[in-house]
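Thanks for having me today. I would like to walk you through one structure slowly, beginning with its backbone and then turning to its ligand.

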Amino acid sequence: MRALLCKTYGGIDDLSEEEVASPKPGPGEVRVKVAACGVNFPDTLIVAGKYQFKPDPPFSPGGEISGVVDALGEGVTAVAVGDSVVATTLWGGFAEEIVIAADKVMRRPEAMDPVIAAGFSMTYGTAIHALVQRGALKRGEALLVLGASGGVGMAAVEIGKALGATVIAAASSADKLAIAKEAGADITINYTDQPLKDAVKEATGGKGADVVFDPVGGDFTEQALRATGWGGRLLIIGFAAGAIPKIPANLTLLKGCAVVGVFWGDFVRREPEANRANFDRLFAWVADGTLKPLVSETFALADAPEALRRLAARQAVGKLVVDLTK
Ligand SMILES: NC(=O)c1ccc[n+]([C@@H]2O[C@H](COP(=O)([O-])OP(=O)(O)OC[C@H]3O[C@@H](n4cnc5c(N)ncnc54)[C@H](OP(=O)(O)O)[C@@H]3O)[C@@H](O)[C@H]2O)c1
(Lines give C-alpha, C1' and ligand atoms only; values in the text may rest on other atoms or scores of the structure.)
Protein backbone atom coordinates (compact mmCIF):
# COMPACT_ATOMS: atom_id res chain seq x y z
CA MET A 1 0.00 0.00 0.00
CA ARG A 2 1.07 3.63 -0.49
CA ALA A 3 1.85 5.78 2.53
CA LEU A 4 3.31 9.22 3.15
CA LEU A 5 6.20 8.59 5.53
CA CYS A 6 8.01 10.68 8.12
CA LYS A 7 11.30 8.76 8.43
CA THR A 8 12.97 11.21 10.77
CA TYR A 9 11.62 14.24 12.65
CA GLY A 10 12.10 17.31 10.47
CA GLY A 11 10.21 19.46 8.03
CA ILE A 12 7.28 18.92 5.71
CA ASP A 13 9.72 18.72 2.77
CA ASP A 14 11.29 15.57 4.27
CA LEU A 15 8.07 13.55 3.90
CA SER A 16 8.11 10.94 1.14
CA GLU A 17 5.44 8.77 -0.48
CA GLU A 18 6.45 5.10 -0.46
CA GLU A 19 5.17 1.57 -0.97
CA VAL A 20 5.00 -0.27 2.38
CA ALA A 21 3.64 -3.61 3.59
CA SER A 22 -0.07 -3.86 4.32
CA PRO A 23 -0.53 -3.72 8.15
CA LYS A 24 -2.23 -6.64 9.93
CA PRO A 25 -4.71 -6.03 12.76
CA GLY A 26 -3.80 -7.56 16.14
CA PRO A 27 -6.24 -8.57 18.90
CA GLY A 28 -8.89 -5.87 19.45
CA GLU A 29 -7.84 -3.99 16.31
CA VAL A 30 -9.34 -3.37 12.87
CA ARG A 31 -7.79 -2.45 9.55
CA VAL A 32 -9.48 0.39 7.67
CA LYS A 33 -9.11 1.10 3.96
CA VAL A 34 -8.75 4.87 4.13
CA ALA A 35 -11.09 6.91 1.91
CA ALA A 36 -9.95 10.35 3.06
CA CYS A 37 -7.87 11.96 5.80
CA GLY A 38 -8.37 15.41 7.33
CA VAL A 39 -5.42 17.83 7.49
CA ASN A 40 -4.83 19.54 10.84
CA PHE A 41 -2.28 21.95 12.28
CA PRO A 42 -0.99 19.26 14.70
CA ASP A 43 0.18 17.26 11.63
CA THR A 44 2.74 20.01 10.98
CA LEU A 45 3.97 19.71 14.58
CA ILE A 46 4.01 15.91 14.80
CA VAL A 47 6.38 15.55 11.80
CA ALA A 48 8.74 18.03 13.51
CA GLY A 49 8.64 16.07 16.80
CA LYS A 50 7.06 19.11 18.50
CA TYR A 51 3.62 17.71 19.39
CA GLN A 52 2.28 16.18 22.61
CA PHE A 53 2.40 12.75 20.93
CA LYS A 54 5.76 11.62 19.49
CA PRO A 55 5.42 8.41 17.45
CA ASP A 56 8.67 6.61 16.59
CA PRO A 57 9.69 7.18 12.93
CA PRO A 58 8.98 5.86 10.39
CA PHE A 59 5.30 6.78 10.68
CA SER A 60 2.65 8.48 8.58
CA PRO A 61 1.10 11.72 9.82
CA GLY A 62 -2.67 12.17 9.43
CA GLY A 63 -4.85 12.40 12.55
CA GLU A 64 -8.41 11.70 11.39
CA ILE A 65 -9.87 9.44 8.72
CA SER A 66 -12.96 8.08 7.08
CA GLY A 67 -12.95 4.70 5.37
CA VAL A 68 -14.23 1.14 5.28
CA VAL A 69 -13.26 -1.67 7.67
CA ASP A 70 -11.56 -4.40 5.61
CA ALA A 71 -10.06 -6.78 8.22
CA LEU A 72 -10.71 -7.65 11.88
CA GLY A 73 -8.29 -8.70 14.60
CA GLU A 74 -9.06 -11.43 17.11
CA GLY A 75 -11.98 -10.73 19.45
CA VAL A 76 -13.51 -7.80 17.55
CA THR A 77 -17.30 -8.10 17.48
CA ALA A 78 -18.64 -4.53 17.63
CA VAL A 79 -17.46 -3.71 14.09
CA ALA A 80 -17.82 -5.74 10.88
CA VAL A 81 -15.91 -5.91 7.60
CA GLY A 82 -17.59 -3.47 5.20
CA ASP A 83 -18.66 -0.96 7.88
CA SER A 84 -18.18 2.69 6.88
CA VAL A 85 -16.41 4.41 9.74
CA VAL A 86 -14.64 7.54 10.95
CA ALA A 87 -11.83 7.61 13.49
CA THR A 88 -9.44 9.95 15.20
CA THR A 89 -6.09 8.28 14.72
CA LEU A 90 -3.68 11.06 15.88
CA TRP A 91 -1.26 9.83 13.18
CA GLY A 92 -1.15 7.14 10.47
CA GLY A 93 -3.98 8.48 8.27
CA PHE A 94 -1.96 9.63 5.23
CA ALA A 95 -1.86 6.05 3.95
CA GLU A 96 -4.11 3.69 1.99
CA GLU A 97 -4.62 1.47 5.05
CA ILE A 98 -4.42 1.94 8.79
CA VAL A 99 -4.71 -0.39 11.77
CA ILE A 100 -6.43 1.06 14.84
CA ALA A 101 -8.10 -0.13 18.05
CA ALA A 102 -11.68 -1.20 17.30
CA ASP A 103 -13.05 0.98 20.10
CA LYS A 104 -11.68 4.09 18.37
CA VAL A 105 -13.89 3.79 15.28
CA MET A 106 -17.37 5.29 15.03
CA ARG A 107 -19.98 4.58 12.35
CA ARG A 108 -19.99 7.28 9.67
CA PRO A 109 -23.50 8.76 9.42
CA GLU A 110 -24.87 7.61 6.04
CA ALA A 111 -25.75 11.10 4.89
CA MET A 112 -22.22 12.37 5.55
CA ASP A 113 -19.88 12.38 2.56
CA PRO A 114 -16.60 10.48 3.27
CA VAL A 115 -14.50 13.58 2.49
CA ILE A 116 -16.52 15.82 4.83
CA ALA A 117 -16.51 13.07 7.49
CA ALA A 118 -12.71 12.74 7.29
CA GLY A 119 -12.22 16.39 8.18
CA PHE A 120 -14.76 16.48 10.99
CA SER A 121 -13.76 14.63 14.13
CA MET A 122 -10.68 16.49 15.37
CA THR A 123 -11.91 20.02 14.84
CA TYR A 124 -15.54 19.58 15.90
CA GLY A 125 -14.57 17.13 18.67
CA THR A 126 -12.12 19.68 20.07
CA ALA A 127 -14.48 22.63 19.73
CA ILE A 128 -17.48 20.99 21.42
CA HIS A 129 -15.31 19.67 24.28
CA ALA A 130 -13.79 23.13 24.72
CA LEU A 131 -17.10 25.01 24.71
CA VAL A 132 -19.23 22.52 26.67
CA GLN A 133 -17.00 20.68 29.18
CA ARG A 134 -14.26 23.31 29.62
CA GLY A 135 -15.96 26.62 28.88
CA ALA A 136 -19.50 25.88 30.14
CA LEU A 137 -20.81 28.21 27.42
CA LYS A 138 -24.39 29.25 28.10
CA ARG A 139 -27.18 30.44 25.79
CA GLY A 140 -27.02 34.22 25.36
CA GLU A 141 -23.34 34.55 26.31
CA ALA A 142 -20.80 36.31 24.09
CA LEU A 143 -18.25 33.93 22.55
CA LEU A 144 -15.08 35.36 20.97
CA VAL A 145 -13.34 32.98 18.51
CA LEU A 146 -9.80 33.73 17.31
CA GLY A 147 -8.59 32.22 14.00
CA ALA A 148 -12.30 31.94 13.21
CA SER A 149 -11.89 30.74 9.60
CA GLY A 150 -9.43 27.97 10.48
CA GLY A 151 -10.29 24.34 11.23
CA VAL A 152 -11.07 24.41 14.97
CA GLY A 153 -12.04 28.10 14.75
CA MET A 154 -14.85 27.54 12.23
CA ALA A 155 -16.08 24.56 14.21
CA ALA A 156 -16.23 26.77 17.32
CA VAL A 157 -18.21 29.43 15.42
CA GLU A 158 -20.80 26.89 14.27
CA ILE A 159 -21.06 25.07 17.62
CA GLY A 160 -21.20 28.39 19.48
CA LYS A 161 -24.22 29.37 17.39
CA ALA A 162 -25.82 25.94 17.91
CA LEU A 163 -25.42 26.45 21.69
CA GLY A 164 -27.17 29.82 21.49
CA ALA A 165 -24.20 32.18 21.98
CA THR A 166 -23.60 35.51 20.27
CA VAL A 167 -20.47 34.74 18.24
CA ILE A 168 -17.73 37.31 17.62
CA ALA A 169 -15.31 36.03 14.96
CA ALA A 170 -11.76 37.39 14.80
CA ALA A 171 -9.41 36.67 11.89
CA SER A 172 -6.65 38.29 9.83
CA SER A 173 -8.38 39.27 6.57
CA ALA A 174 -11.70 40.37 5.08
CA ASP A 175 -11.93 37.12 3.06
CA LYS A 176 -11.44 34.98 6.16
CA LEU A 177 -14.01 37.02 8.08
CA ALA A 178 -16.53 36.63 5.25
CA ILE A 179 -16.17 32.85 5.61
CA ALA A 180 -16.67 33.05 9.38
CA LYS A 181 -19.78 35.18 8.81
CA GLU A 182 -21.08 32.59 6.35
CA ALA A 183 -20.59 29.99 9.10
CA GLY A 184 -22.89 32.01 11.37
CA ALA A 185 -20.75 34.61 13.17
CA ASP A 186 -22.81 37.59 14.37
CA ILE A 187 -19.95 40.10 14.55
CA THR A 188 -16.53 40.09 12.83
CA ILE A 189 -13.24 41.73 13.82
CA ASN A 190 -10.05 41.92 11.78
CA TYR A 191 -7.44 41.61 14.55
CA THR A 192 -4.57 42.70 12.36
CA ASP A 193 -5.88 46.20 11.71
CA GLN A 194 -7.47 47.15 15.07
CA PRO A 195 -6.82 46.38 18.77
CA LEU A 196 -8.80 43.25 19.65
CA LYS A 197 -9.65 44.41 23.17
CA ASP A 198 -11.21 47.70 22.02
CA ALA A 199 -13.21 46.05 19.23
CA VAL A 200 -14.58 43.32 21.53
CA LYS A 201 -15.48 45.82 24.27
CA GLU A 202 -17.34 47.90 21.69
CA ALA A 203 -19.17 44.83 20.36
CA THR A 204 -20.25 43.76 23.88
CA GLY A 205 -21.36 47.14 25.25
CA GLY A 206 -18.18 47.41 27.33
CA LYS A 207 -18.60 44.04 29.11
CA GLY A 208 -16.06 41.90 27.24
CA ALA A 209 -16.51 38.31 26.08
CA ASP A 210 -17.88 35.60 28.40
CA VAL A 211 -15.92 32.83 26.69
CA VAL A 212 -12.84 33.18 24.47
CA PHE A 213 -11.72 30.33 22.18
CA ASP A 214 -7.99 30.81 21.41
CA PRO A 215 -6.26 28.38 18.99
CA VAL A 216 -3.77 31.07 17.87
CA GLY A 217 -1.60 31.98 20.88
CA GLY A 218 1.40 34.34 20.50
CA ASP A 219 0.67 38.01 21.18
CA PHE A 220 -3.05 37.45 20.56
CA THR A 221 -3.58 35.63 23.86
CA GLU A 222 -2.86 38.63 26.09
CA GLN A 223 -5.15 40.75 23.90
CA ALA A 224 -7.80 38.03 24.20
CA LEU A 225 -7.45 38.01 27.99
CA ARG A 226 -7.84 41.79 28.03
CA ALA A 227 -11.01 41.33 25.94
CA THR A 228 -12.45 38.82 28.46
CA GLY A 229 -15.26 40.04 30.73
CA TRP A 230 -16.00 39.56 34.45
CA GLY A 231 -16.34 35.85 35.29
CA GLY A 232 -15.18 34.91 31.78
CA ARG A 233 -13.36 31.79 30.62
CA LEU A 234 -10.33 32.02 28.30
CA LEU A 235 -9.90 28.63 26.60
CA ILE A 236 -6.32 27.75 25.64
CA ILE A 237 -6.64 25.58 22.52
CA GLY A 238 -3.33 25.96 20.68
CA PHE A 239 -0.50 28.09 19.41
CA ALA A 240 -0.81 28.29 15.61
CA ALA A 241 1.08 31.62 15.65
CA GLY A 242 4.11 29.75 17.03
CA ALA A 243 4.89 31.38 20.36
CA ILE A 244 3.53 30.07 23.66
CA PRO A 245 2.33 33.21 25.45
CA LYS A 246 3.04 34.33 29.01
CA ILE A 247 0.10 36.25 30.47
CA PRO A 248 -0.09 38.83 33.28
CA ALA A 249 -1.77 36.87 36.10
CA ASN A 250 -3.12 40.05 37.72
CA LEU A 251 -5.63 40.37 34.88
CA THR A 252 -7.33 37.12 35.93
CA LEU A 253 -7.70 38.54 39.46
CA LEU A 254 -9.11 41.84 38.25
CA LYS A 255 -11.64 40.11 35.98
CA GLY A 256 -12.51 37.21 38.29
CA CYS A 257 -11.94 35.09 35.19
CA ALA A 258 -10.48 31.65 34.50
CA VAL A 259 -7.80 30.55 32.05
CA VAL A 260 -8.76 27.01 31.09
CA GLY A 261 -6.63 24.43 29.26
CA VAL A 262 -8.17 22.17 26.61
CA PHE A 263 -6.56 18.87 25.58
CA TRP A 264 -9.08 16.96 23.49
CA GLY A 265 -6.79 13.97 22.73
CA ASP A 266 -6.46 13.15 26.42
CA PHE A 267 -10.17 13.80 27.05
CA VAL A 268 -10.95 11.11 24.44
CA ARG A 269 -8.62 8.68 26.23
CA ARG A 270 -9.77 9.49 29.78
CA GLU A 271 -13.50 10.09 29.17
CA PRO A 272 -14.50 8.05 26.09
CA GLU A 273 -18.20 7.95 27.03
CA ALA A 274 -18.41 11.74 27.33
CA ASN A 275 -16.66 12.07 23.97
CA ARG A 276 -19.14 9.67 22.33
CA ALA A 277 -22.02 11.68 23.80
CA ASN A 278 -20.48 14.82 22.27
CA PHE A 279 -20.37 13.06 18.88
CA ASP A 280 -24.00 11.91 19.15
CA ARG A 281 -24.86 15.58 19.54
CA LEU A 282 -22.55 16.66 16.68
CA PHE A 283 -23.87 14.02 14.25
CA ALA A 284 -27.47 15.03 15.09
CA TRP A 285 -26.56 18.64 14.30
CA VAL A 286 -25.04 17.56 10.98
CA ALA A 287 -28.16 15.53 10.14
CA ASP A 288 -30.55 18.44 10.80
CA GLY A 289 -28.35 20.96 8.94
CA THR A 290 -27.29 22.97 12.02
CA LEU A 291 -23.63 22.24 11.19
CA LYS A 292 -22.32 22.60 7.64
CA PRO A 293 -18.61 21.66 7.75
CA LEU A 294 -16.60 23.41 5.03
CA VAL A 295 -13.95 21.47 3.10
CA SER A 296 -12.35 24.16 0.95
CA GLU A 297 -9.94 21.93 -1.00
CA THR A 298 -8.97 18.27 -1.48
CA PHE A 299 -5.52 16.87 -2.30
CA ALA A 300 -4.18 13.55 -3.65
CA LEU A 301 -1.93 11.60 -1.24
CA ALA A 302 1.18 12.72 -3.16
CA ASP A 303 0.12 16.36 -2.61
CA ALA A 304 -0.48 16.02 1.15
CA PRO A 305 2.79 17.93 1.88
CA GLU A 306 1.40 20.86 -0.12
CA ALA A 307 -1.74 20.83 2.07
CA LEU A 308 0.47 20.93 5.18
CA ARG A 309 2.50 23.82 3.72
CA ARG A 310 -0.72 25.81 3.12
CA LEU A 311 -1.79 25.30 6.72
CA ALA A 312 1.61 26.28 8.09
CA ALA A 313 1.64 29.40 5.85
CA ARG A 314 -1.75 30.59 7.23
CA GLN A 315 -3.32 30.15 3.77
CA ALA A 316 -6.03 27.58 4.53
CA VAL A 317 -9.68 28.27 5.27
CA GLY A 318 -12.09 25.71 6.68
CA LYS A 319 -10.69 22.21 6.20
CA LEU A 320 -8.20 20.75 3.74
CA VAL A 321 -8.66 17.02 3.17
CA VAL A 322 -6.49 14.36 1.50
CA ASP A 323 -8.74 12.27 -0.76
CA LEU A 324 -7.25 8.79 -1.25
CA THR A 325 -9.54 8.15 -4.24
CA LYS A 326 -7.83 10.95 -6.22
N1 LIG B 1 -6.14 21.61 22.37
C2 LIG B 1 -6.52 20.65 21.55
O3 LIG B 1 -7.02 19.60 21.97
C4 LIG B 1 -6.35 20.86 20.07
C5 LIG B 1 -6.96 20.00 19.12
C6 LIG B 1 -6.81 20.31 17.76
C7 LIG B 1 -6.04 21.40 17.36
N8 LIG B 1 -5.42 22.16 18.32
C9 LIG B 1 -4.60 23.33 17.97
O10 LIG B 1 -5.43 24.32 17.41
C11 LIG B 1 -4.63 25.16 16.57
C12 LIG B 1 -5.34 25.36 15.24
O13 LIG B 1 -5.42 24.12 14.53
P14 LIG B 1 -6.21 24.05 13.14
O15 LIG B 1 -6.04 22.66 12.63
O16 LIG B 1 -7.56 24.63 13.30
O17 LIG B 1 -5.30 25.05 12.27
P18 LIG B 1 -5.69 26.06 11.08
O19 LIG B 1 -6.85 25.53 10.33
O20 LIG B 1 -4.42 26.30 10.37
O21 LIG B 1 -6.16 27.38 11.86
C22 LIG B 1 -5.25 28.13 12.61
C23 LIG B 1 -5.56 29.61 12.48
O24 LIG B 1 -4.58 30.30 13.26
C25 LIG B 1 -4.34 31.58 12.69
N26 LIG B 1 -2.90 31.89 12.66
C27 LIG B 1 -2.34 32.98 13.22
N28 LIG B 1 -1.01 33.00 13.03
C29 LIG B 1 -0.72 31.88 12.32
C30 LIG B 1 0.49 31.35 11.81
N31 LIG B 1 1.68 31.95 12.00
N32 LIG B 1 0.44 30.17 11.12
C33 LIG B 1 -0.73 29.53 10.94
N34 LIG B 1 -1.93 30.00 11.42
C35 LIG B 1 -1.92 31.17 12.10
C36 LIG B 1 -4.91 31.56 11.27
O37 LIG B 1 -6.00 32.48 11.24
P38 LIG B 1 -5.77 34.03 10.92
O39 LIG B 1 -4.92 34.14 9.69
O40 LIG B 1 -7.14 34.53 10.74
O41 LIG B 1 -5.07 34.61 12.14
C42 LIG B 1 -5.46 30.14 11.07
O43 LIG B 1 -6.71 30.13 10.43
C44 LIG B 1 -3.26 24.49 16.45
O45 LIG B 1 -2.35 25.12 17.32
C46 LIG B 1 -3.53 23.07 16.92
O47 LIG B 1 -2.39 22.45 17.45
C48 LIG B 1 -5.58 21.93 19.65
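**Two backbone details and a ligand site**

Let us begin with Pro58, which is found in the loop between α1 and β4, the strand that spans 64-72. Please keep in mind that this is a predicted model, and that what I describe has been computed from it. The peptide bond leading from Pro57 to Pro58 is cis, with an omega near -5 degrees. A second place to look at is Ala136, whose phi is near 45 degrees, a positive value in a residue other than glycine; Ala136 has its place in the loop between α3 (121-134) and β8 (142-145). I point these two out because most residues other than glycine have a negative phi, and most peptide bonds are trans.

Now to the ligand, which sits in the largest pocket. Which residues come nearest to the ligand? Of the 25 residues around it, these are Ser172, Lys176, Tyr191, Val262 and Arg314. Ser172 also makes a polar contact, since one of its polar side-chain atoms lies 2.6 Å from an oxygen atom of the ligand. The backbone takes part as well: a polar backbone atom of Gly151 is 2.8 Å from a ligand oxygen atom, and a polar backbone atom of Ala240 is 3.3 Å from a ligand nitrogen atom. On its own the ligand has 900 Å² of accessible area, and the protein covers 93% of that.

As for the make-up of the shell around the ligand, its residues divide into 16 nonpolar, 7 polar and 2 charged. At least two shell residues are supplied by each of α1 (41-46), α4 (151-162) and α11 (304-312), while domain 1 (2-120 + 293-323) and domain 2 (123-265) each contribute at least three.

Notes. Residues are numbered from 1 along each chain as its sequence is written. This is a predicted model: local features need pLDDT of at least 70, side-chain atom pairs count only at pLDDT 80 or more; totals for chains, interfaces and linings use all residues. Side-chain values use heavy atoms; hydrogens and water are left out. A residue is near a molecule or strand if one of its heavy atoms lies within 4 Å of it. A polar contact is a pair of N or O atoms within 3.5 Å; within protein, one must be able to donate a hydrogen and the other to accept it, and residues adjacent in sequence count only if both atoms are side-chain atoms. Accessible areas come from the Shrake-Rupley method with a 1.4 Å probe; for residues, only the protein chains shown count as cover. On a 1 Å grid over the protein atoms alone, a cavity is a set of points where a 1.4 Å probe fits but cannot get out, and a pocket is an open set with protein on both sides within 12 Å along at least five of seven lines; lining residues have an atom within 4 Å of a point. A molecule sits in a cavity or pocket if more than half of its atoms lie within 2 Å of its grid points. Helices (H or I, at least four residues) and strands (E, at least two) are DSSP runs, numbered from the N terminus. Ala, Val, Leu, Ile, Met, Phe, Trp, Tyr, Cys and Pro count as nonpolar, Asp, Glu, Lys and Arg as charged, and the others, Gly among them, as polar. Domain bounds come from an automatic or database domain assignment.
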